[in-house]
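Here is a set of exercises to work through with the structure open beside you. Try each task before you read its solution.

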Amino acid sequence: MKDLLSELRTLVGPVNVLTDEDDKASYETEWRGRIRGNALAVIRPGTIQEAQTVVRLCAAQLVAIVPQGGNTGLAAGAIPDLTGSQVILSLSRLNSVRRVDRANMTATVEAGCTLQALRETLATEGLLFPLSLGSEGTCTIGGNLATNAGGAQALRYGNARDLCLGLEYLTADGSLVSELGGLRKDNTGFDLRNVVIGSEGCLAIITAATLKIQKKAPTATLCAWVGVKDVDDAVNLLQLSQSTLGTAVSCFEIMNRASLELVARAFPQASIPFLENQDVSQWVLLQLTALSHTKRCKRKWRMCWPMPWTTLC
């Protein structure tokens, strides 16, 4: 193992091979602090070629690799076991947006780029990547794809898999597979891309992806917090919303009483409407998003919701 660590330090630089317990701690610990692993080392390659060589060196020594993005997952898939024999391969330094293709409306981005960084980069050009998560300031594109993240607007835009047109990844022996073309109508051969997406690093290590983007048009957004009797009523509300408002329904999240009572216990200052009503057992967070328009009203311009929300109410 000393020889392996020496080779890795030569490859990526001593500062990017972490073996000290304090330096490794944040990588070895699940973000809620509930699960803790023990890694041989944390390796932080700065290029795709370095990452490829790291995988080849570890494969030659039969050292297991745990890929890690932003370490924001809830299933502990990015945490090593307690044996101290695995290395964490952190992709945080592979964080560039390689290309924005306006003609094909795609962005090619490296796995370590945070979701927020991508969205902010695109926003400066009037563009949007529609995946949205509460952890977007920390979670990475590679992790989003490895876990097939859904996000708050999966109902309208789909999961991460639905937003990916091309993938670059490393196999267990260090072979680099690069299929980043972004072809939308592709019916050739086996769909290995969608096998890798959602595999959580077990089948391959994602290093880059080509993603669908869209123009960031002015939108009107309306959010509603709804208390319902049971899950059946929540499903009926979803059906009513979709039949009345169609694709304007961008977010529909259901929460149960047990979950919100835990929130109230942990954050007594939080306001949770309808929690005192015992007839309510489920809550719905409903968001509508659609192209907005402006109209002149009393000598002022204002944004107006263009959909018949009152018919739903």
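**Exercise 1. Cysteines**

Find how many disulfides the structure holds, and look at Cys164 and Cys223.

*Solution.* Step 1: a search of the whole structure gives zero disulfides, a disulfide being a pair of cysteine sulfur atoms within 2.5 Å. Step 2: Cys164 is in no disulfide, and the nearest cysteine sulfur, that of Cys113, is 14 Å away. Step 3: the closest cysteine sulfur to that of Cys223 belongs to Cys251, at 7.3 Å, which is too far for a bond. Step 4: now check the surroundings. Cys164 is buried at 2% relative accessible area, while Cys223 is exposed at 51%. Here buried means under 20% relative accessible area, exposed over 50%, and partly exposed in between, with a 1.4 Å probe and protein chains only.

Before you go on, two notes on the model. It is a predicted one, in which local features need pLDDT of at least 70 and side-chain atom pairs count only at pLDDT 80 or more, while totals for chains, interfaces and linings use all residues. Residues are numbered from 1 along each chain as its sequence is written, and side-chain values use heavy atoms, leaving out hydrogens and water.

**Exercise 2. Glu28**

Place Glu28 in its helix, then list what its side chain meets.

*Solution.* Step 1: Glu28 sits in helix α2 (residues 21-28). Helices (H or I, at least four residues) and strands (E, at least two) are DSSP runs, numbered from the N terminus. Step 2: Glu28 counts as buried because its relative accessibility is 0%. Step 3: its side chain makes a polar contact of 3.3 Å with the side chain of Arg36. A polar contact is a pair of N or O atoms within 3.5 Å; within protein, one must be able to donate a hydrogen and the other to accept it, and residues adjacent in sequence count only if both atoms are side-chain atoms. Step 4: a polar atom of the Glu28 side chain also lies 2.8 Å from the backbone nitrogen of Ala39. Step 5: beyond its neighbours within four places in sequence, Glu28 has contacts (heavy atoms within 4.5 Å) that include Ile35, Gly37, Ile79 and Ile88.

**Exercise 3. Asn71**

Work out where Asn71 lies and which backbone oxygens its side chain reaches.

*Solution.* Step 1: look in the loop between β3 (65-68) and β4 (87-90), where Asn71 is found. Step 2: Asn71 is buried, with a relative accessible area of 12%. Step 3: a polar atom of its side chain lies 3.0 Å from the backbone oxygen of Thr29 and one lies 3.4 Å from the backbone oxygen of Ser26. Step 4: outside the four places in sequence on either side, the residues in contact with Asn71 include Tyr27, Trp31 and Ala78.

**Exercise 4. The open sheet**

Trace the sheet of three strands and find what packs on it.

*Solution.* Step 1: the order is β12-β14-β13, with antiparallel pairing. Two strands pair if DSSP finds at least two bridges between them. Step 2: β12 (219-228) and β13 (249-256) each have a single partner strand, so they stand at the edges with one side lacking a neighbour in the sheet. Step 3: from one strand to the next, the twist averages 10°. Step 4: seven bridges join β13 to β14 (residues 282-291), and Asn256 stands opposite Gln282 in β14. Step 5: helix α8 (residues 231-245) packs on the sheet, touching β12, β13 and β14, and its direction makes about 175° with that of β13. Step 6: helix α9 (residues 257-266) touches β12, β13 and β14 as well, with an angle of about 80° to β13. Axes are lines fitted to C-alpha atoms, for helices over the stretch in contact, and angles run from 0 to 180 degrees between N-to-C directions.

**Exercise 5. Strand β6**

Decide how enclosed β6 is and name its partners.

*Solution.* Step 1: five of the five residues of β6 (residues 106-110) are buried, so the rest of the structure largely encloses this strand. Step 2: Thr106, Thr108 and Glu110 point one way, Ala107 and Val109 the other. Step 3: β6 pairs antiparallel with β5 (residues 97-101) over four bridges, where Val100 is the partner of Ala107. Step 4: β6 also pairs antiparallel with β10 (residues 205-212), over five bridges, and Val109 has Ala209 as its bridge partner there.
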